[in-house]
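Hello, and thanks for asking me to take a look. Below are my notes, set out as numbered points so that you can follow them with the viewer open.

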Amino acid sequence: MQHAVGAPLPPPQGQVPGQPGRAGHGATMNWAPHHGRPVPPGSPPSPAAPPAPSAPPAPAAPPAQPAPAPGAPGGGWNGPAPQQAPPTPHSTDITGHIQLPPGAPVALPSPPTDTAAADAGHAAHASVAVLLIGPAGAGKTSVARHWADTRRVPTAHISLDDVREWVRSGFADPQSGWNDHSEAQYRLARRTCGFAARNFLANGISCILDDAVFPDRPVVGLGGWKRHVGPGLLPIVLLPGLEIVLERNARRTGNRRLSDEEVARIHGRMAGWYGSGLPIIDNSQHDVATTVRVLDDVVARSIASPPSW
């Protein structure tokens with residue numbers, strides 16, 4: 001008896017219908033029942049036959065020959081050999097499909113060729129790295145975030161405090177005492193921010209960093225930022241009056257809120273930036289949007305005539 005054309009093939013011995021075979025992808029190999037001759041796929045199993053009468057023993061079968069390899073003449077499968085994907089070229093400067101930029105120090109931004117072009121409009125299109133310096137409560141984070149949000153070119157805000165707080169277990173909070181461990185975590189966060197700034201600049205994305213850099217610690221402060229980012233970093237000081245700083249600090253929560261005594265001490269040390277040659281913005285009477293417009297103007301002047309630091 002023969003099956004009609006298109007009839008489903010019977011599953012191999014011990015295989016559940018509808019499930020793929022061990023060969024993978026649902027393929028079924030030639031198989032045979034426990035008794036009788038091999039049955040080709042598509043033929044129903046033969047009914048059990050009654051025992052045959054006694055007969056003389058059959059001659060010994062010749063030794064079995066090894067099965068030909070797939071694709072060889074006479075093999076059971078003459079399909080093409082599976083293709084392997086070409087090896088990916090090894091490179092130390094790629095991550096996935098994104099090529100990492102060089103980690104060279106950031107160079108000074110190119111000043112405009114026309115003196116009249118050195119205005120806020122040019123600063124809005126320039127690729128720059130800005131370091132916004134100021135005491136706690138000066139509004140650095142709010143101004144930096146708004147400046148990055150409103151620029152006409154892609155700009156990233158890199159917050160030192162945010163990077164520092166990536167440390168969860170073992171976080172060294174200076175509020176509980178400034179020591180070598182907290183100092184080491186600050187330095188590590190600054191290096192991380194500097195590396196991120198170089199990568200952003202190498203990919204055509206400007207950035208603004210914020211930090212409470214003290215003028216009486218040049219090696220750790222501006223010197224450290226110059227080592228981490230490069231001479232193209234534009235430092236700008238944001239320094240409102242002490243009363244404004246105390247009021248803004250009082251609205252803070254968590255470990256970013258400092259005592260009034262600590263805020264006053266930091267503000268007093270920041271006064272050393274006067275006479276340093278760095279541009280200083282007093283935003284005591286400015287809201288965030290107005291301060292950002294002033295910052296655009298200061299950045300434009302810093303591009304045209306970079307400060308010496």
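The points below go from the whole chain to its core, then to one helix pair and a few single residues.

1. Overall make-up. Please keep in mind that this is a predicted model. The protein chain contains 8 helices and 7 strands. Of its 309 residues, 33% are buried. The exposed surface comes to about 19,600 Å², and carbon and sulfur atoms supply 58% of that area.

2. Contacts along the chain. Taking the contacts in the protein chain with a separation of 6 or more, 74% are between residues 24 or more positions apart.

3. The largest nonpolar core. This core holds 26 residues, and the members that touch the most others are Leu131, Ile133, Cys207, Leu209, Trp225 and Trp273. Two or more residues each come from the strands β3 (129–133), β4 (155–159), β5 (206–211) and β6 (233–238), and from the helices α3 (160–164), α4 (180–202), α5 (222–228) and α7 (260–270). Helix α4 gives the largest share, with 5 residues. As background, nonpolar side chains in soluble globular proteins tend to be buried together.

4. A separate core. Apart from the largest core there is another one of 18 residues, including Ala126, Leu132, Val143 and Leu234.

5. Leu131. If you colour by contact, this is a good residue to select. Leaving out residues up to four places away in sequence, Leu131 touches Leu209, Asp211, Val213, Leu222, Trp225, Leu233, Leu234, Pro235 and Ile236.

6. Leu209. Which residues does Leu209 contact, leaving aside its neighbours within four places in sequence? They are Val130, Leu131, Leu132, Ile158, Cys193, Ala197, Trp225 and Leu233. Leu209 lies in strand β5, and it counts as buried because its relative accessibility is 0%. Its C-alpha atom is 8.8 Å from that of Gly194, with the two positions 15 residues apart in sequence numbering.

7. Gly194. This glycine belongs to helix α4 and, at 0% relative accessibility, is also classed as buried. Beyond its neighbours within four places in sequence, Gly194 is in contact with Trp225, His228 and Val229. For His228, the C-alpha separation from Gly194 is 4.7 Å, although the two are 34 residues apart along the chain.

8. Ser159. Is Ser159 buried or exposed? Ser159 is buried, since its relative accessible area is 4% and the cut-off for buried is under 20%. This serine sits in strand β4. Not counting neighbours within four places in sequence, Ser159 contacts Cys193 and Asp210.

9. Glu247. Here the picture is one of partial exposure: Glu247 has a relative accessible area of 47% and is therefore partly exposed. Glu247 is part of helix α6 (residues 242–250). The C-alpha atoms of Glu247 and Asp260 are 9.5 Å apart, for a spacing of 13 residues along the chain.

10. The α2 and α8 pair. How do these two helices pack, and at what angle? Helix α2 (residues 140–150) meets helix α8 (residues 288–304) at about 70 degrees, and their axes are 9 Å apart. The two are therefore roughly perpendicular to each other. On the α2 side, the contact is made by Ser142, Val143, His146, Trp147 and Thr150. On the α8 side, Val288, Ala289, Thr291, Val292, Leu295, Asp296 and Val299 take part. Sorted by class, this contact has 7 nonpolar, 4 polar and 1 charged residues.

Key
Residues are numbered from 1 along each chain as its sequence is written. This is a predicted model: local features need pLDDT of at least 70, side-chain atom pairs count only at pLDDT 80 or more; totals for chains, interfaces and linings use all residues. Side-chain values use heavy atoms; hydrogens and water are left out. A nonpolar core is a set of buried Ala, Val, Leu, Ile, Met, Phe, Trp, Tyr and Cys residues joined through side-chain atoms within 4.5 Å. Buried means under 20% relative accessible area, exposed over 50%, partly exposed in between (1.4 Å probe, protein chains only). Helices (H or I, at least four residues) and strands (E, at least two) are DSSP runs, numbered from the N terminus. Contact means heavy atoms within 4.5 Å. Axes are lines fitted to C-alpha atoms, for helices over the stretch in contact, and angles run from 0 to 180 degrees between N-to-C directions. Angles under 35 degrees count as roughly parallel, over 145 as roughly antiparallel, 65 to 115 as roughly perpendicular and the rest as oblique. Ala, Val, Leu, Ile, Met, Phe, Trp, Tyr, Cys and Pro count as nonpolar, Asp, Glu, Lys and Arg as charged, and the others, Gly among them, as polar. Accessible areas come from the Shrake-Rupley method with a 1.4 Å probe; for residues, only the protein chains shown count as cover.
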